[in-house]
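Reader: Could you take me through the sheet in this one, and what sits against it? I'd like a close look at that part alone.

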Amino acid sequence: MISHWPAVAALVATAIAVLLVIPLSTRVPFERPSEAYLSGWFSSVTLVMVIVRITLAFVVLAMAKQRQEMEQRVYALTDTLTGLPNRRALYDKLDALERSHILQATPISVLFFDLDHFKDVNDTFGHETGDRVLKLFAATAGAHLNGSSIIARMGGEEFAAVLPGEGSSTATKTAEAIRAAFAGSAAVINGMTIGATVSAGVASNSCACDSSDIGALFRQADAALYAAKRTGRNRVEFAGTDGVTLVPATAAVRTAPRRKPRSHRAGRDTNVAANA
């Protein structure tokens with residue numbers, strides 16, 4: 001926190017003021033304790049300690065306020081069910097990447113995931129089991145992504161991941177590993193045969209498709225995801241391969257980032273507390 005450093009400075013100043021008493025008292029010994037209160041340097045040190053402690057009290061209040069604001073911001077940018085970043089947090093991180101020019105300097109891939117027949121899971125086994133399936137997928141996907149990757153819950157049973165520095169081949173293998181691992185771990189949950197699966201779409205700026213910006217990659221990954229849905233589900237499709245029609249860069253896709261000024265306040269976000 002920003003207010004952390006003033007607190008450190010105030011504590012250091014207090015420590016210095018206290019320690020100064022030791023060498024000064026040895027150089028100017030007093031015959032009687034009452035003489036110390038008449039000494040100029042003793043009064044100065046005492047005054048500094050009082051001022052610093054008053055300052056420290058205000059700094060502590062500022063730290064408490066800033067911590068509360070940070071907690072509110074984290075809550076506004078986090079999906080409460082899975083603990084993953086939400087849609088708004090994902091777009092904020094993408095904006096930061098674009099400002100740092102990382103997206104233009106390195107390969108980048110986008111993965112879209114959609115749990116297959118998730119409504120049937122809710123209707124058959126209940127929303128509590130549906131919540132467990134969502135949390136299981138979030139944990140499975142997170143375990144297969146490296147530290148630089150960004151994964152978020154877009155809403156409902158939809159998830160998106162951005163893989164900076166990963167080309168098409170690695171991204172497709174990662175998506176397939178997540179799909180296979182989730183199909184295995186979600187086959188049986190709490191003794192019930194769930195058989196949950198996930199479909200995935202992959203797009204990368206290392207392929208020959210239209211990938212001039214991150215929004216274009218979102219559009220291609222979205223098209224690949226729906227191709228996976230049309231061709232049987234529980235599979236991974238890559239944008240630019242046979243069977244996946246690339247969408248034009250001007251097409252409106254609901255999952256693509258919207259490049260417009262944001263005026264929403266912290267707390268007014270699309271946090272999804274229930275799986276449906």
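Author: Here is a walk through the sheet, its packing helices and the core beside them. It's a predicted model, where local features need pLDDT of at least 70 and side-chain atom pairs count only at pLDDT 80 or more, while totals for chains, interfaces and linings use all residues. Residues are numbered from 1 along each chain as its sequence is written, and side-chain values use heavy atoms, with hydrogens and water left out.

The sheet is open, with 5 strands in the order β2-β3-β1-β6-β7 and mixed pairing; strands (E, at least two residues) and helices (H or I, at least four) are DSSP runs, numbered from the N terminus, and two strands pair if DSSP finds at least two bridges between them. β2 (150-155) and β7 are the edges, each with a single partner strand, so one side of each has no neighbour in the sheet. From one strand to the next, the twist averages 20°. β1 and β6 run antiparallel, joined by 7 bridges, and S109 sits opposite S204 in β6.

Now the helices. α6 packs on the sheet, touching β1, β2, β3 and β6, and its direction makes about 160° with that of β1. Helix α8 (residues 214-230) lies across β1, β2, β3, β6 and β7, at about 145° to β6. Contact here means heavy atoms within 4.5 Å; axes are lines fitted to C-alpha atoms, for helices over the stretch in contact, with angles from 0 to 180 degrees between N-to-C directions.

As for L111, leaving aside neighbours within four places in sequence, its contacts include F159, L163, A171 and V202.
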